[in-house]
Amino acid sequence: MKDRLKNLDLITAFLWLLRAAIILVVAWGTFKTLLSNPYTSRNWLDFIIFGIAQGSMYALIAIGYTLVYGVLKMINFAHGEFFMSGIFTATSALAIPLAASGFMDQHPLLSLLAIGLLSMLISVGIALLTERIAYRPLRHAPRLMPLITAIGASFFWQYYFRGLFGSQVRPFPTVAALQGSIPFLNTTVLKTHVLVVVVTVLALVALNFFITKTRAGMAIRSVSENKDVAALMGINVDRAISMTFATGATMAGLAGLLYALVYGQVHFFMGFIPGIKAFTAAVLGGIGNIPGAAVGGLLLGLFESVGPSLFLQGLGIPAFNQLKDVIAFTMLVLVLIFRPQGIMGERLAEKKA
Amino acid sequence: MDNLTSSGWRQALLQGFVAGLITVSASTIGMVELFGTRYFLAGLFTMGQLLLFAPPAVLAFSLAGKIKSQGISIVTVKAAAIGAISGAMLALLVWANQTFPLRTVLINLSPKLMGLLTFDRSLAEGALILIGVSVATAVFGALLQFVPRLYRQALLSAIITTLGVGLLAPLLFERIRNFFGQSVAQLVFTSSALQVVPAIIIFAASAALFYFRGKAALNSKPKAEQKLNPRQKMLRQIPLAIFLLILPMLLGSYLTEITNNVGIFLLMGLGLNIVVGLAGLLDLGYVAFFAIGAYTMAVLTSTGPLGVAQMSFWAALPICVAVSALAGVLLGTPVLRMRGDYLAIVTLGFGEIIRILALSDLLKPFIGGAQGILQIPKPSIAGITLISPEQLYYVILGGALLAAFISNRLRESRVGRTWIAMREDEDVAEAMGINLVRTKLLAFAIGAGFSGLAGAIFSPKLTSIFPHSFNLLISINILSLIIVGGLGSIPGTIVGALVLVGLPELLREFAEFRWLMYGLLLVVMMLNRPEGFIPSDVIRRELHSGDEHRAEV
């Protein structure tokens with residue numbers, strides 16, 4: 001017993017040290033940056049706006065992780081691929097031909113609507129297929145198994161879509177109506193960024209309505225509360241779970257369109273990093289918690305966009321933007337170590353193993 | 001099950017649709033075309049065709065197994081339906097591609113693929129052949145279920161053997177030519193495929209062999225486990241030891257190089273097997289330790305500008321292992337309290353952080369950033385520098401044997417049992433007095449040490465290393481190989497490494513679809529055979545405890 005206590009203390013001390021070291025490094029870097037003041041307030045505002053746009057995208061993807069986690073207590077590793085499959089297909093099969101025929105410039109709104117719809121449709125299809133084939137038979141299996149099939153499904157879909165549409169980067173056609181920017185405070189905002197934020201807000205409002213007011217949404221919530229009781233209440237659990245995957249994939253498909261608009265290109269590997277980052281966002285906000293996913297996404301986007309300049313630069317790190325992804329991964333690790341219940345703090349079942 | 005038989009027709013149609021989906025997908029993503037150049041039987045039968053006709057046959061076989069009681073004629077008709085639907089969907093793909101400009105979107109719908117699908121005839125004729133052949137193979141698959149069991153197993157084994165020989169034809173050809181000369185080799189193979197007559201002989205011979213083996217196994221009573229004394233055990237190992245020692249001479253340079261790659265992955269697999277298989281800690285950032293081992297070796301021994309010590313390989317080796325094990329403890333400490341999927345994601349994050357750091361300008365003065373570290377000298381023994389793959393083979397063999405020995409001993413030891421206890425239930429294990437902190441860290445450290453050893457051998461093998469060699473796909477590769485082989489099983493890890501690392505290296509055509517196959521394999525294994533191909537006893541018992549119970553009742 002004494003031995004164990006000693007051990008535990010050592011670990012706790014180590015974790016505290018780690019925490020203190022990271023806070024110190026971040027504080028020191030921030031201090032140095034602010035001291036040398038390399039950016040104007042306008043620069044900072046630009047960073048923040050880009051962070052919000054990027055964070056909106058993460059938020060939409062993160063919702064898929066959170067919903068599935070809430071219902072199945074499982075990390076859907078393949079969610080990034082749902083995100084990729086939709087927009088990769090929509091770009092290759094619809095956006096590029098539409099742009100080539102000139103239809104896109106004549107009816108930009110209609111085209112984007114069609115592309116977004118196709119993207120969501122494909123994402124939902126892939127999600128339902130994956131759930132049916134790879135997850136459903138393992139619902140009562142040891143926890144490691146669905147996670148491994150999820151990893152397998154993720155790689156399968158990546159290389160499947162690579163086979164379908166090729167391994168090269170496909171540029172998303174530029175939409176003339178979305179070129180240029182709008183003045184905002186003392187800077188300007190790209191029209192695409194405005195669109196991203198508006199679409200995200202609308203999607204979140206719609207999602208909230210769906211989850212809280214419709215029968216399907218209530219079925220999802222009750223299943224996430226307790227599957228057995230939900231089944232006793234006459235809810236078709238399998239259908240509710242499929243519906244959960246479909247809802248998450250709809251958001252992912254929409255996020256795909258936003259990604260294509262912001263970054264201007266799609267490729268088969270695009271789902272992986274945003275997938276992990278969105279997962280980080282979901283954990284950051286408190287996994288299983290839908291508003292948490294939105295907040296977490298936004299925060300992560302901001303951190304990623306402001307962070308490198310705010311504290312990495314001050315530390316005198318050369319080419320600090322290379323380490324942008326490290327910020328997201330480090331945040332993931334830190335949140336999971338120090339506050340696994342996330343910011344929104346909904347209780348997280350400690351013993352899920 | 002009753003449900004299945006009553007709606008048998010719907011089931012058959014569904015299976016046909018699934019078969020069609022598989023074959024159409026395989027065609028659309030380019031697999032059929034890529035494999036279409038690889039003949040099993042010279043001039044007759046390609047791997048691409050196997051992809052087109054095996055799915056309906058396999059699905060019909062499995063459906064027939066379920067509905068056997070409905071009688072041979074109904075099963076035949078249903079199997080024919082499966083084949084017809086699959087073939088028709090392929091024909092539909094060809095038609096659609098001729099009618100619409102699909103290729104602008106789906107880049108792999110090439111004219112060559114269309115030629116393969118229609119057997120270079122017109123659409124109508126090609127469609128007829130496609131449907132005809134798939135109906136035939138599906139019916140064949142279904143009828144196999146009606147063949148007595150002994151014959152069926154012999155037949156299936158013979159088919160698989162013949163296909164395997166055909167698959168490895170180019171290699172076997174090269175080896176046989178080397179040992180017995182061109183003329184002997186050409187008796188059996190063209191340079192890339194089996195000749196028809198030898199194929200029939202191989203098929204017949206292996207069918208007979210499997211038949212008699214199966215019969216013998218039926219007749220003989222199960223022998224009681226013979227208890228061997230240690231000396232007898234040792235004697236049994238001698239042929240294996242000799243085989244391993246002379247292997248490079250049998251294989252030649254190219255194949256030894258592949259064997260070396262297998263060996264390095266085997267080393268990592270054995271390490272990850274301890275972490276995942278025994279201790280149950282799913283580590284997706286395992287490649288990080290491989291990288292740490294490789295970079296430590298590079299920095300310590302390189303004669304280039306980035307080398308700091310110019311040590312010899314052998315002096316640096318223990319340091320690399322120690323550094324990796326230490327890294328295992330350091331990265332393991334923060335995640336001590338995480339379980340299951342969170343652990344997986346965090347370790348994945350660690351792996352990516354290490355890779356990004358290795359790529360970054362931040363560490364460039366020390367480890368070279370994207371340009372990597374060059375001029376890593378090869379190891380030498382007694383003044384001989386081990387340059388060729390045949391010589392390096394022995395270093396890797398030594399490492400792999402050591403790792404296999406250590407893991408084998410560990411698994412049966414007290415430590416191994418605490419790992420397994422922890423994997424089964426952390427709380428109960430802790431209540432039984434197991435020190436979780438120490439047990440977990442030990443698993444991380446030993447696993448990382450093995451991986452570091454692999455990395456330390458890897459870097460002089462390549463003589464230069466770059467961050468791109470250490471991406472997530474390596475971790476996934478190792479995870480796949482231990483899962484396919486059997487979690488927690490050492491022979492399983494060896495087989496997994498041979499199949500998942502060796503085969504893709506041998507069959508370059510596979511390379512492009514390697515990750516697709518791995519992904520598919522992970523899913524299929526988890527659904528159908530979660531214990532792996534050569535499972536460890538404990539895991540098999542655990543996963544099939546229900547079956548045994550049922551069998552007893």
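**Entry 1: domains of chain B**

I started with how chain B is carved up: domain 1 covers 1–146, domain 2 covers 149–217 and domain 3 covers 253–552. I kept in mind throughout that this is a predicted model. I then looked up a distance between two of these domains, and the C-alpha centres of domain 1 and domain 3 of chain B came out 39 Å apart.

**Entry 2: where chain B meets chain A**

Next I went to the interface. I found 45 residues of chain B in contact with 47 residues of chain A. Which helices of chain B each supply at least two residues of the side that touches chain A? I noted H15 (340–359), H20 (436–462), H21 (472–485) and H23 (514–528). H15(B) gives the most to that side, with twelve residues. I also sorted the chain B side by class and got 30 nonpolar, nine polar and six charged residues.

**Entry 3: H21(B) against H23(B)**

Two of those interface helices, H21(B) and H23(B), also pack on each other, so I stayed with them: their axes come within 10 Å and cross at roughly 40 degrees. I logged H21(B) as oblique to H23(B), because the crossing angle falls outside the parallel range, which takes angles under 35 degrees. The crossing in which H21(B) passes H23(B) is left-handed.

I listed who meets whom. From H21(B) I have Leu473(B), Ile476(B), Asn477(B), Ser480(B), Ile483(B) and Val484(B). Facing them from H23(B) are Trp515(B), Tyr518(B), Leu521(B), Leu522(B) and Met525(B). By class, this contact holds nine nonpolar and two polar residues, and no charged ones.

**Entry 4: H5(B) against H7(B)**

I moved on to helix H5 (residues 72–99) of chain B and its packing with H7(B), where the angle is about 150 degrees and the axes are 7 Å apart. Angles over 145 degrees count as roughly antiparallel, so that is how I filed H5(B) and H7(B). Their crossing is right-handed. The contact of H5(B) with H7(B) has 19 nonpolar and nine polar residues, with no charged residue in it.

**Entry 5: H12(A) against H13(A)**

Over in chain A, I checked helix H12 (residues 290–312) and helix H13 (residues 324–338). They pack at an angle of about 135 degrees, with axes 9 Å apart. I put H12(A) and H13(A) down as oblique to each other, because that angle is not over 145 degrees. H12(A) passes H13(A) in a right-handed crossing.

On the H12(A) side the contact is made by Leu300(A), Phe303(A), Glu304(A), Gly307(A) and Pro308(A). On the H13(A) side I wrote down Lys324(A), Ile327(A), Ala328(A) and Met331(A). The class count for this contact is six nonpolar, one polar and two charged residues.

**Entry 6: two positive phi values**

I then scanned the backbone angles. Most residues other than glycine have a negative phi. I noted two in chain B that go the other way.

Phe119(B) is not a glycine, yet its phi is positive at about 55 degrees. Where does Phe119(B) lie? I placed Phe119(B) in the loop between helix H6 (111–118) and helix H7 (123–144) of chain B. Phe119(B) has 13 other C-beta atoms within 10 Å, so I called this residue partly exposed.

Gln375(B), also a residue other than glycine, has a positive phi near 55 degrees. I found Gln375(B) in the loop between helix H16 (364–367) and strand S3 (380–381) of chain B. With 14 other C-beta atoms within 10 Å, Gln375(B) is partly exposed.

**Entry 7: Gln49(B)**

I looked up Gln49(B), which is found in helix H4 (residues 47–66) of chain B. Buried or exposed? Gln49(B) has 20 C-beta neighbours inside 10 Å and the buried class takes 20 or more, so I logged Gln49(B) as buried. I also took the separation from Thr23(B): 26 residues along the chain, and 9.9 Å between the C-alpha atoms.

**Entry 8: Gly64(A)**

Last stop was Gly64(A), in helix H2 (residues 41–72) of chain A. Gly64(A) is buried, with 32 other C-beta atoms within 10 Å. Which residues does Gly64(A) touch, not counting those up to four places away in sequence? I wrote down Asn76(A), His79(A), Phe82(A), Gly248(A), Ala249(A), Met251(A) and Ala252(A). I also checked Phe311(A), which is 247 residues from Gly64(A) in sequence and 31 Å away in space, C-alpha to C-alpha.

Methods
Residues are numbered from 1 along each chain as its sequence is written. Chains are lettered from A and ligands numbered from 1 in the order in which they are written. This is a predicted model: local features need pLDDT of at least 70, side-chain atom pairs count only at pLDDT 80 or more; totals for chains, interfaces and linings use all residues. Two residues are in contact if their C-beta atoms, placed from the backbone, lie within 7 Å. Helices (H or I, at least four residues) and strands (E, at least two) are DSSP runs, numbered from the N terminus. Ala, Val, Leu, Ile, Met, Phe, Trp, Tyr, Cys and Pro count as nonpolar, Asp, Glu, Lys and Arg as charged, and the others, Gly among them, as polar. Domain bounds come from an automatic or database domain assignment. A residue is buried if 20 or more other C-beta atoms lie within 10 Å of its own, exposed if 12 or fewer, and partly exposed in between; C-beta atoms are placed from the backbone. Axes are lines fitted to C-alpha atoms, for helices over the stretch in contact, and angles run from 0 to 180 degrees between N-to-C directions. Angles under 35 degrees count as roughly parallel, over 145 as roughly antiparallel, 65 to 115 as roughly perpendicular and the rest as oblique. A crossing is left-handed if the near helix is turned anticlockwise from the far one by less than a right angle, and right-handed if clockwise.
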